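Subject: Handing over a structure, with notes

Dear colleague,

I am passing on to you the structure that I have been reading, and my notes on it follow below. Please keep the sequence and the 3D view open beside this email while you go through them.

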Amino acid sequence: MPRGENAVGGHAVRGLEPRALELEVVPLNAWARLLLEQLGDPRTSGGRWAQAVKARVQRVDTFRLLTTPELEDFLRRVGDATARLINMENSRRRRLFFEGRGIDYSWMSAWSRRFTDYFEIYKLLGSANFHEACRLISDQWKGFVGLLRAAKEGRLEPWQRVRPPGYRKDRDGQRVPIVVVRFDNYRIDLERRVLHLGYWNIEVPFKGKPRWLTKQGAKQGRLIIVYDPVKKRWYARVSVEVTLESKLNNGLKAGVDLGRERLIALVTEPVNESGEGVALLYRGGPLKADYFYFEKKIAEVDRMLSDPRLEEVDRSVLKEVRRRFYERRRRRRDQLFANAAAHLVRLCGELGVAVLLLGYPRGVAQDKPGKGNSNMWSYRRLEQRIAVAAENRGIPAFEIPEDGTSKVCARHGCEVVRGPRGLIRCPHGQVMHADVNAAMNILARGGGKVPMRVRVLSFIPTASKVIAVNVKSSNPA
Ligand SMILES: [Zn+2]
């Protein structure tokens, strides 16, 4: 493969000078980083080449624990002790921080108190798991340091708040249990479907299939057990380090526009001799419907809550109901994003897409704080979902600034006029879906060849599945 002189350090570090970054690409997954390191900018790399590469990545397998009252009692006891440790340590470190005496992000400072302040907890957790809990605390504080640095360099997302790690407490001030187990202190028996916890010598049956643990060369890391108050169930989350493989190549590129009229619009470079590309459209209807459904439910609860005659006990019940509506809405959206991303990337694999270019409204991120933030946050979630799904399939994903991509005709570079039903019209008589046009512009910005025509495939993603919509085959885009 060609190795340009610009191969090293050619990629943008997110942040620095926002202006200078406008035309930079940002790698969104392991393959994109590898590609940048070895080849430089994907927009300018020429020639035909392919290379088989590997990358170690972190994934999580989640299992639902089948608990008895005794097991539940045990998990609550250990989980509460760990939460207490975290709260005490964070309280101490927060004091240091707010008094201007620096940031303590080491695990050793907690560990060194194991025979004094934390002796009871240390005995209950055992040394391996106490150690892992100290490392978890340290990781949180390191994350805080990273955010502070990002804030200083002006590269925070608009919705990001920089706060020192807080307390594991719910709204009523109750501690929220968490069990932390070191990689070498548990065993997952996939045949008997039991989780064996070493120090306590306890077996917990579970449900669920691992996606990553069974991969060749998989290495288990930290195990976290938490209680989900909405589902009223215990879950085990196992960090797994796995090796992924990719046949990196500079084959077909695809541009992706996120969430205007459509949730996702993707356009590929020409797939055949006649210059025809493929467009994949994912409609946002069910997402909006979910949003309004829950919005209505939440408004109903708010109305009831505003009644001054309401008794305190009813008030707390209603607040809990409201919290669950929010939670369910968030989960359904996440599930829908996951389904759409997996579906999109699978089709990309079948079409032979070798590089994904995702438009991201970076300018907007700085211009519109406030209500738009939740939207921006959604964009980011969806973008990350697609990037990880692509990583799993060996496809590099890059972020490309998309400012202005909706205002310009991808064919002629002239200004477009927005018409009804999400269509745009250019002075040369071109009529196109605004999102298809935006995706084409992103494709062009990423150095891709804009197709003359596109075959449109349309889908409706929901929280449970992705539905294919029958569309008349060719769209003279
Ligand atoms: Zn035009």
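Which helices and strands do the buried residues of α3 pack against? They pack against α4 (108-111) and α5, and also against the strands β3, β7 and β8. Before I say more about this helix, please bear in mind that the model is a predicted one, and that every value below was computed from it.

The chain as a whole

The secondary structure of the protein chain comes to 10 helices and 19 strands. Of its 477 residues, 30% are buried. If you take the contacts with a separation of 6 or more, 71% of them join residues that are 24 or more positions apart.

Helix α3 and the seven-stranded sheet

Helix α3 covers residues 69-98, and its 30 residues reach 42 Å from the first C-alpha to the last, which is close to the 44 Å expected at 1.5 Å a residue. Its buried residues include L75, V78, G79, A81 and T82, and further along the helix also I86, E89, N90 and R93. After α3 comes G100, which has a positive phi near 75°.

The sheet in question is an open one of seven strands, in the order β3-β7-β8-β2-β6-β5-β4, with antiparallel pairing. Its edge strands are β3 (178-181) and β4, each of which pairs on one side only. On average, and with direction ignored, neighbouring strands of the sheet are turned by 30° against each other. Helix α3 packs on this sheet, where it touches β3, β6 (202-207), β7 and β8, and its direction makes about 85° with that of β3. Helix α5 (residues 119-152) packs on the sheet as well, touching β3 and β7, with a direction at about 110° to that of β3.

Two pairs of strands in this sheet are worth following residue by residue. Strand β7 (residues 219-228) pairs with strand β8 (residues 233-249) in the antiparallel sense over eight bridges, and in this pair K219 stands opposite E241 of β8. Strand β4 (residues 186-189) and strand β5 (residues 194-197) are also paired in the antiparallel sense, over four bridges, and here I188 has L195 in β5 as its bridge partner.

Two residues with a positive phi

β4 and β5 form a hairpin with four residues between them, and R193 is found in the loop that joins these strands. What is the sign of phi at R193? It is positive, with a value near 60°, although R193 is a residue other than glycine. This deserves a second look because most residues other than glycine have a negative phi. R193 has 15 other C-beta atoms within 10 Å and is therefore partly exposed.

N201, in the loop between β5 and β6, is not a glycine either, and its phi is positive, at about 50°. N201 is exposed, because it has 7 other C-beta atoms within 10 Å.

The pair α6 and α7

Helix α6 (residues 285-305) and helix α7 (residues 312-351) pack at an angle of about 175°, with their axes 10 Å apart, and the two are therefore roughly antiparallel to each other. Among the residues that meet here are L287, Y291, F294 and I298 of α6, and L318, V321, F325 and R329 of α7. The residues of this contact divide into 13 nonpolar, no polar and eight charged.

The three-stranded sheet and a link along the chain

Three further strands form an open sheet in the order β14-β15-β16, again with antiparallel pairing, and its edge strands are β14 (417-418) and β16 (431-433). Two bridges join β14 to β15 (residues 423-425), and R418 has I424 in β15 as its bridge partner. Helix α10 (residues 434-445) packs on this sheet and touches β14, β15 and β16, with its direction at about 85° to that of β16.

Lastly, please find E276, which is in strand β11 (residues 276-283). Its C-alpha atom is separated by 7.1 Å from that of R455, although the two residues are 179 residues apart along the chain. Leaving aside neighbours within four places in sequence, E276 has contacts that include P270, V271, P451 and R455. E276 counts as partly exposed, because it has 16 C-beta neighbours inside 10 Å.

With kind regards

Technical notes: Residues are numbered from 1 along each chain as its sequence is written. This is a predicted model: local features need pLDDT of at least 70, side-chain atom pairs count only at pLDDT 80 or more; totals for chains, interfaces and linings use all residues. Two strands pair if DSSP finds at least two bridges between them. Axes are lines fitted to C-alpha atoms, for helices over the stretch in contact, and angles run from 0 to 180 degrees between N-to-C directions. Two residues are in contact if their C-beta atoms, placed from the backbone, lie within 7 Å. The expected span of a helix is 1.5 Å times one less than its number of residues. A residue is buried if 20 or more other C-beta atoms lie within 10 Å of its own, exposed if 12 or fewer, and partly exposed in between; C-beta atoms are placed from the backbone. Angles under 35 degrees count as roughly parallel, over 145 as roughly antiparallel, 65 to 115 as roughly perpendicular and the rest as oblique. Ala, Val, Leu, Ile, Met, Phe, Trp, Tyr, Cys and Pro count as nonpolar, Asp, Glu, Lys and Arg as charged, and the others, Gly among them, as polar.
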